[in-house]
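Please read the following points alongside the model, which is shown first.

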Amino acid sequence: MYLKSIELSGFKSFGKKTELVFQSRISSIVGPNGSGKSNVAEAFRFVLGEQSMKSMRSKKGEDLIWGGSPGLARANRAGVKVTFDNSTRLLDIDFKEVVVERIVYRDGQNEYLLNGTVVRLKDVIRLLAGANIGGSGYQIISQGEADRILNASPKERREMVEDALGLKLYQHKKAESERKLLESGVNIDKTKSLRREIAPHLSFLRTQVEKIEKAREMKEELAVKLNDYLARENAWITQEDSRLKDEAHVHESESKKLSVRLAELRTVAGAGKHGTSKSSELHEKLQGKEARLVEVRREGEDLQRELGRAEGALEANTVTVEQIVAVPHVRQFARELDSTISDIEHSDDIATVRAALAHIRNRIKSFVEGLSGAAPVTSHEAKQQVEELTVALAKKKHEQEVLTGEIDVMRKEIARIREASFAAERDVIEHEATLREAQGKLNNANVARAGLKSLRERFEEEVREGVALVGAALTGWERSDIPQGALSEDRSEQEKRRKQIERLKIKIEESGLGNGDAVVKEFSQTKERDEFLARELIDLETSASKLKDIIAELEKTIDEKFKDGLKHINEALKGFFVKLFGGGEAKLTIEQPRRKISRLNLDIGDEDEEEDFVDEEEELYAGLSISVSLPRKKVKGLEILSGGERALTSIALIFSMSQVNPPPFLVLDETDAALDEANSKRYADMIMELGSKSQLIVITHNRATMAAAGELYGVTMSQDGVSKLLSVKLEEAERVAK
C-alpha cells in the first residue's frame with residue numbers, strides 16, 4: 001500500500017476535517033449525487049499540484065474553500081494532506097512516511113508543505129514525478145472525463161501517454177534544459193553585446209597604454225640617468241660644501257683670533273695714547289718732584305744751619321727746669337685737673353663732658369703760656385731741640401733720596417710709555433692688514449657657499465621634479481655608492497648630463513600622458529572585464545552545447561521509451577479491447593509531425609556565424625491518433641462511436657496505459673457511469689485485475705464495481721451542507737461472515 005490516507009480540511013463541501021484511510025488495494029467511494037464524492041477526486045488533484053481551476057470545477061482559488069452555511073461558518077483556508085508509505089523508497093526522499101500538504105488562502109495564495117516543511121511547487125512535482133505520480137493526466141479521471149483521452153488532441157493524447165509511461169520527469173528535465181538553453185542564448189547575446197560595446201574603448205585604451213609604455217620606457221631611462229646624475233651632483237655638492245665649510249671655519253677661527261688680538265693691540269695702543277697723557281702727567285709730576293727736591297735740599301741746608309746753632313747753644317746752657325717752675329703752683333694745677341677729670345668720669349651727659357674737656361684744654365694752654373712767657377731755655381729744652389732738628393734733618397735727607405729715586409723711575413716710565421705706544425701702533429697696523437686678508441678669504445668662502453646653496457636648491461628642485469615624473473624609482477641615488485669620477489671630473493661633464501635629462505623630461509611632458517596610472521588601471525580593468533566576458537562566453541557556449549547534447553539525449557531517451565511503451569500499450573489495449581468488445585481492435589499510432597521551425601540566433605562561436613536552432617519540442621511532439629475497429633461493425637473512426645462504446649474504448653485505453661507502467665494509485669471518478677450491467681461486470685473484473693498492480697480509489701454508483709472493492713466510503717450531506725463520511729470494511733465483513 002503506497003497511499004495511506006488523505007485528509008480534507010475546509011476543502012469545498014468538506015467544511016470539517018475529514019480523513020479517508022486506505023487499507024485495501026481497492027477502495028470505493030459511494031453516495032448520492034451532490035453529496036461531495038467527486039470533491040475527493042478533486043482533492044487528490046489539488047494536493048498533487050494541479051494548477052488548472054477548471055479541472056477542479058472552479059474559477060479561482062477562493063472557490064475551493066468552504067463557503068459557509070447557516071450551521072457552519074465559512075473557512076479562511078482550505079487544506080488537503082495526503083500521506084504516502086515510503087518504506088520501499090518509492091519517493092526519492094529519506095523518510096519512511098511522506099506527507100504532502102497544500103493549503104490555499106482566500107487571497108489566492110498557495111502553500112506547499114513536505115513533512116511539515118514549506119517547499120516549492122516545483123519540488124513537490126519533481127518528487128512525485130519520480131514515482132510516476134501526478135495531479136493531472138490519466139492517473140486521476142474526474143467525473144465526465146472518462147473519454148477525455150478520446151476527445152483530446154493528438155498532442156494532449158501523447159502527453160497523457162508520456163505521463164502514463166513515466167516520462168514526465170524526463171519532460172521536466174527537457175523543459176528545464178530548454179529554458180536554460182534559451183537563457184544561455186540570451187546571456188550569450190548580452191555577453192557579445194557587452195564585448196562589442198567595450199571593444200572600441202578597449203582599443204583606444206590599448207593605444208593609450210602603448211604610448212604610456214613608451215613614456216614609461218623613457219621614464220625608466222630618465223630614472224637611470226637621474227639616479228646617476230643626482231648621485232654625482234649630491235656627492236660633489238656634499239664634498240664641496242664640506243670643503244668650503246671647513247675652509248670658512250678655518251678663516252672664521254683665524255679672523256676671530258685676529259680680531260681678539262687686534263682688540264688687545266688696540267687696547268694696548270689706546271693704552272699707549274693714554275700713556276702719552278700719562279707721560280704728560282708723569283712729566284708734570286716729575287717737574288713738581290724736581291721742584292720739591294730743590295726745596296727739600298734748601299730746607300735741609302736750613303736745618304743743617306739751625307742744628308749747628310742748637311748744638312752751640314746746648315754746650316753753653318746750664319739752666320734746669322726746677323729752677324724755673326714753682327712746685328706748689330704745679331701741684332695746684334694737677335689737683336684742679338684731677339678734680340675736673342673725676343667729675344667727667346661720673347657724668348653721662350655728652351654736653352657736660354665736652355664743656356669740661358674745653359675747660360681742661362683752656363687751663364692747659366693758660367698754664368703752658370704762663371710757664372713759657374718769661375722762662376729761660378733750659379739745658380733739657382736745648383738738648384731736645386737738637387734732637388728734633390737732627391731727626392728733621394734725617395727726614396729731609398731721606399725725602400731727598402726718595403724724591404731722587406722717584407724722579408729716576410718717572411723718567412724711565414716716560415721713556416718706556418713712549419716706546420710701547422710706538423710698538424703698539426705698528427702691531428695694530430700689521431694685524432689689521434692680516435685680519436682684512438682673513439676676512440676676505442672668509443667672505444670668498446661664504447660667497448662660494450651661497451652659490452653652492454643655490455646649487456643645492458636647484459638639486460632639490462630637480463629631485464622633486466624627478467619624483468613627480470618617475471616616482472619611487474628615483475630613490476636609488478640615495479642608497480647607491482658615489483659614482484666613479486664624480487668628485488674629480490670636470491663640471492662640464494655633469495652639465496652635459498643635466499641637459500640630456502632636461503631633453504628627456506621635455507619628451508615625456510610632450511607625451512601628455514602623465515604617469516598614466518589611471519589609464520593603465522582602466523585598461524587593466526577593461527581588459528579583465530573583456531577577458532571575463534570572453535571566458536563567460538566560452539562557458540556559456542560550452543553550457544549551451546552541453547544543454548543541446550542533454551536535450552538531444554533526453555529526446556532520444558523519451559523517443560525510445562515512448563516507442564517501446566507505446567508498443568506495450570498497444571499490446572495491452574488489444575487484450576482489453578477484445579475483453580470488453582468480444583473482438584475488434586484498437587491501436588495508437590504516431591502521426592507524422594508538422595514542423596514549425598522557429599529560429600533562435602544563439603550566435604554560438606564566431607560573431608559572423610549563426611546557427612539556426614529548430615524548436616525541437618514542436619518537431620518531437622508528433623501526436624497520437626487512435627484507430628478503432630469494432631467487431632461485427634464497419635466502424636473505424638472515433639466520431640461515430642456511441643457513448644457506451646466511447647466509454648469502453650476509454651476504459652480499455654486507460655487500463656492499458658496503467659498496465660504498462662503501473663502508477664502507485666489511480667483515482668477513477670464514475671468512469672463506469674455509461675456502462676450497462678454486462679459491461680459493468682467486465683469493468684469490475686478489470687478493476688480487480690488492475691488492483692493487483694496499483695492501488696485504486698473508485699468513485700462509483702455501480703454495484704458490481706462496489707463489490708470489487710475491499711472497503712467502502714459513503715459520502716452524505718447533512719442539512720448544513722457539509723459532506724460527511726461513513727466507512728465499511730468489506731474485507732473485514734467478509735472475514736467475519738465466514
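**Notes on two sheets and their helices**

1. Strands β4 (residues 77-85) and β5 (residues 97-105) pair in the antiparallel sense over nine bridges, where pairing requires at least two DSSP bridges between two strands, and D85 has E97 of β5 as its bridge partner. Helices (H or I, at least four residues) and strands (E, at least two) are DSSP runs numbered from the N terminus.

2. This is a predicted model, in which local features need pLDDT of at least 70, side-chain atom pairs count only at pLDDT 80 or more, and totals for chains, interfaces and linings use all residues. Residues are numbered from 1 along each chain as its sequence is written, and side-chain values use heavy atoms, with hydrogens and water left out.

3. An open, antiparallel sheet of six strands follows the order β2-β1-β4-β5-β6-β7. Because β2 (18-21) and β7 (117-119) each have a single partner strand, one side of each is left without a neighbour in the sheet.

4. A further open sheet has six strands in the order β8-β11-β12-β3-β13-β14, with mixed pairing, and its edge strands are β8 (140-141) and β14 (723-729). Within it, β11 (residues 665-669) and β12 (residues 695-699) run parallel and are joined by five bridges.

5. In helix α14, the buried residues (under 20% relative accessible area, 1.4 Å probe, protein chains only) are N679, S680, Y683, A684, M686, I687, L690 and G691. They lie on the same side of α14 because they cover an arc of only 165° around the axis, the arc being that of the directions from the helix axis to the C-beta atoms.

Notes: Buried < 20%, exposed > 50% of the residue type's maximum accessible area, 1.4 Å probe, protein only.
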